[in-house]
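Here is a friendly walk through one protein chain, from its overall build to a few residues worth a look. Have the viewer ready and follow along.

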Amino acid sequence: MKKLHIVILILIAVSIAVLISFTGDLTTFETIASARQKSGKIVTIIAHIDKARPIELRSCEGSNYLSFHISDTLGNTAKVVYHFENPTIWKRLNASP
């Protein structure tokens with residue numbers, strides 16, 4: 001084999017390895033209805049925050065609680081409860097439009 005053929009085969013092998021490594025990181029976006037069918041799994045939902053409904057924040061020592069409602073383009077709604085450190089989006093939630 002010529003050196004050029006060997007280099008091309010190595011480049012193809014590296015390209016395949018890179019593509020395979022990215023398949024584990026691919027994220028699929030779900031609607032609220034399809035996310036409900038995947039109970040116990042982590043999903044990414046495309047939705048907007050329903051500011052007409054209450055946003056509740058309780059931040060006590062050792063306890064964080066943030067809840068709000070979201071709705072998707074199909075009209076489905078869901079309540080989101082977040083128990084971790086307040087996300088940076090919280091500042092935007094309180095900002096006026």
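Helices (H or I, at least four residues) and strands (E, at least two) are DSSP runs, numbered from the N terminus. Glu30 sits in strand 1, which spans residues 29-30. Before going further, a word on the source: this is a predicted model, in which local features need pLDDT of at least 70 and side-chain atom pairs count only at pLDDT 80 or more, while totals for chains, interfaces and linings use all residues. Residues are numbered from 1 along each chain as its sequence is written, and side-chain values use heavy atoms, leaving out hydrogens and water.

**The overall build**

The protein has 3 helices and 6 strands, and from the N terminus on they run α-β-α-β-β-β-β-β-α. Of its 97 residues, 16% are buried, where buried means under 20% relative accessible area, exposed over 50%, and partly exposed in between (1.4 Å probe, protein chains only). About 8000 Å² is exposed by the protein, with carbon and sulfur atoms supplying 62% of it; such areas come from the Shrake-Rupley method with a 1.4 Å probe, and for residues only the protein chains shown count as cover.

**Two acidic residues**

Glu30 counts as buried because its relative accessible area is 11%, and buried means under 20%. Among the residues that Glu30 touches, not counting those up to four places away in sequence, are Ala35, Lys38 and Val43; contact here means heavy atoms within 4.5 Å.

Asp50 lies in the loop between strand 3 (48-49) and strand 4 (56-60). Asp50 is buried too, yet has no salt bridge, that is, no side-chain nitrogen of Lys or Arg within 4 Å of a carboxyl oxygen of Asp or Glu. With the same sequence neighbours left out (up to four places away), Asp50 touches His69 and Ile70.

Some distances for these two side chains:

| From | To | Distance |
|---|---|---|
| Glu30 side chain | Ser34 side chain, polar contact | 2.8 Å |
| Asp50 side chain, polar atom | Ala52 backbone nitrogen | 3.2 Å |
| Asp50 | Arg53, nearest side chain of opposite charge | 4.5 Å |

A polar contact is a pair of N or O atoms within 3.5 Å; within protein, one must be able to donate a hydrogen and the other to accept it, and residues adjacent in sequence count only if both atoms are side-chain atoms. For charge, Lys and Arg count as positive and Asp and Glu as negative, while His and the chain ends are not counted.

**A nonpolar surface patch**

Leu4 belongs to helix 1 (residues 3-23) and counts as exposed because its relative accessibility is 58%. Leu4, Ile8, Leu9, Ile12, Ile16 and Ile20 form a nonpolar patch on the surface, together offering about 570 Å² of accessible area. Patches are made of residues with over 30% relative accessible area and no salt bridge: like charges are joined within 9 Å, nonpolar side chains (Val, Leu, Ile, Met, Phe, Trp, Tyr) within 5 Å.
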